[in-house]
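Take a look at how two helices can cross, then step back to the chain and its partner.

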Amino acid sequence: MRLPRIFRTTPFRLTLLFLALFAAAASAFLAYIYIATAGEATRRTDSEIQREMRSLTGAYDRAGLNAVNQSLIERAASERPFLYLLMSPDGRRISGSIEESPVEHFEGEPAWTTFQVSDVVGGRTVRHPARGLQERLSGGEILFVGADVGEDQAYVVNVVRALWGAGALVIILGLAGGVLVSRNVSRSMVSLTGVVEAVRGGDLAARAPVRGTRDEFDELAAGVNEMLDRLERSMAGHRHAGDAIAHDLRSPLTRLRARLEAAYLEVEAGRGDPTQALAQALEDTDGVLKTFSAVLSIARLQAAGTAPDPVVFDLAELAGDVAELYEPLCEDKEIEFGSELARGHAVRANREFIAQALANILDNAVKYTPAGGAIMLRVRRRSSGEVEASVTDTGPGVPDADRTRVVERFVRLENSRNQPGAGLGLSLVAAVAEAHAGRLELDEGPGKLGELGPGLRVALVLPRAV
Amino acid sequence: MRILIVEDDLEAAEAMERGLSDAGYACVRAADGALGLEAARAGVFDVMIVDRMMPRLDGVALVESLRREGNATPVLFLSALGEVGDRVAGLQAGADDYLVKPYAFAELIARVEALARRRETGSVHTLLRVGDLEMDLIGRVVRRQGKDIDLQPREFQLLEFLMRHAGQSVTRTMLLEKVWEYHFDPQTNVIDVHVSRLRSKIDKGFDKPMLQTVRGAGYRLDA
């Protein structure tokens, strides 16, 4: 049998646990009070009975049976709260306020007993508990002295009853409170549980509502949402990376296979030169491997979402270093190379990846700028606070419509088909930018100037390190 | 020269042994990390080639153990893991160089050679001399046949590396890694341009060219 939902919630269970603890503590407390007060009342009554007994036996020893008898009659008539019974040695009643002794087997030793006395109050018989002591007098007669403990006992019983009542009230209120709290908490949990169940069912787009109360449930919901965002991105990245690698390697491998097959047939027919075919195949293999590592780098960056081992460094300094690698290449191609590097703008990034991104941008610029053209490298701080490294060239540029496309992998525009490269350069730059919370921007260069231009401006924009 | 090859891929190890033997090295093979550690403890080697991922004891643990025992034999790490972090971890473990699989054989030979020779020229020199070419490391001056040669700072570093490895082939990747400290592969062969510039400065006007291009491998500075 399943309990209603509300009784299965954690807050309700906690409430029950606390109630149980409280009830146990309260019972122990009650037991202690009962034992302490009830025992105390009995002890007090007993000592009063004993005192009365001493006074009566004293009178007997001094003045004999008649004096005691007289005294009993006087005492019974007074307001004293005691019950008396004087009996002959064989147990017959001589005098007293009760008819017979409540002590059933009297051996002669002083005997204590607890018994009931009846009282008629307003037509109703009320029974009280009572205590009594029976002793044999020195002359053989038997004397019983008792006292009604009803009032003391009744007080204790009332206290205990009140405590039980209070305990019951606490338990009822506690249960009600538990139900209320669990309902409240449940309402917050239900939305989260719903999200978890949706995600388990394969819906990665499910998100928990954030109520804006900034309590721990909101924090949990926000945390869960952020986790799901990352998970979704990462899963998409992995799926995409797998597809892309398979796709990206298939074409170069197909080319390599075709070339090897052709070479094999040529050699078999005794026509071709095997050395040349092998050298060609080796070169092709290197090409495939290069493509593979580039694709893998991009895929890993995209899947990870962030670049590993970031350090804080001056972007201008790194850009200057990379430029130094390419400067002689420009000179050889008769391209004017200039740079404006504003120092002191730090970025927090993976040096290796940023260096490679800058190298790829410069490489493209050198590749597509004809002799007589110019390349300008700039590092500056934008008014937005971001740091930008840009390369402007006077090559043919990229038409507006193609600018988002050239960043995609393996996209090479018509006029670049005769240039070496696999078409992964800018894709890697874009992946690097994204992994650093930055972006890659493509704009028109300085414009048309005779044979040159309109050129291309490629900018790697990164957040400034704080 | 004795080389210890610690590689669990039998075919790769055999190919390596064949190539290195052809190049004049004596090779010993170990098929996993634990055997490799035993062999390294038992024998004296000039260079160890250690695969990164192996059964029983991986390359990193092997090199760490050796270094703890005070064994300073130069180690070339081979690994299929080429990411920045992997390389740094390998070098931190105590490896001296790191080569990512797959590699060209010329690259492996050049790196083994560089590691093997490093021991001989380990002492600190302030003056490097190769044939009639002189480099004063303190005064930052280069002379050939007594004539001063004016070099840019990077050209100076490039020449220093070539002189320290005179007579050995050095690959473009090695130059990019050791002189420029970049570990990526530039699309255009920028290194060639830098080398040809340096060549025009140290060889032009002298009858014997020193800076040779080694086909399929890279460059070599000959006396």
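Helix 6 and helix 8 of chain B are roughly perpendicular to each other, because the angle between them falls within the 65 to 115 degree range. In this predicted model, helix 6 of chain B spans residues 153–164 and helix 8 of chain B spans residues 190–203. They pack at an angle of about 85°. Their axes lie 10 Å apart.

Which residues make the contact? Helix 6 of chain B contributes B:Glu155, B:Leu158 and B:Leu159. Helix 8 of chain B answers with B:His194, B:Arg197, B:Leu198, B:Lys201 and B:Ile202. By class, this contact has 4 nonpolar, 1 polar and 3 charged residues.

Now widen the view to the chain that holds this pair. Chain B has 8 helices and 12 strands. It runs to 223 residues, and buried residues make up 37% of them. Consider the contacts in chain B with a separation of 6 or more: 57% of them join residues 24 or more positions apart.

Chain B also touches chain A. Here 22 residues of chain A are in contact with 17 residues of chain B. Where does the chain A side come from? Helix 6 (274–304), helix 7 (315–332) and helix 8 (351–368) of chain A each supply at least two residues. Helix 8 of chain A gives the most, with 8 residues. By class, the side of chain A that touches chain B has 9 nonpolar, 6 polar and 7 charged residues.

Methods:
Residues numbered from 1 in each chain as written. Chains lettered and ligands numbered in written order. Predicted model: local features only at pLDDT ≥ 70, side-chain atom pairs only at ≥ 80, totals over all residues. Axes fitted to C-alpha atoms, helices over the stretch in contact; angles between N-to-C directions. Helix = DSSP H or I, 4+ residues; strand = E, 2+ residues; numbered from the N terminus. Parallel < 35°, antiparallel > 145°, perpendicular 65-115°, else oblique. Contact = placed C-beta atoms within 7 Å. Nonpolar A, V, L, I, M, F, W, Y, C, P; charged D, E, K, R; others polar. Buried ≥ 20, exposed ≤ 12 C-beta atoms within 10 Å, placed from the backbone.
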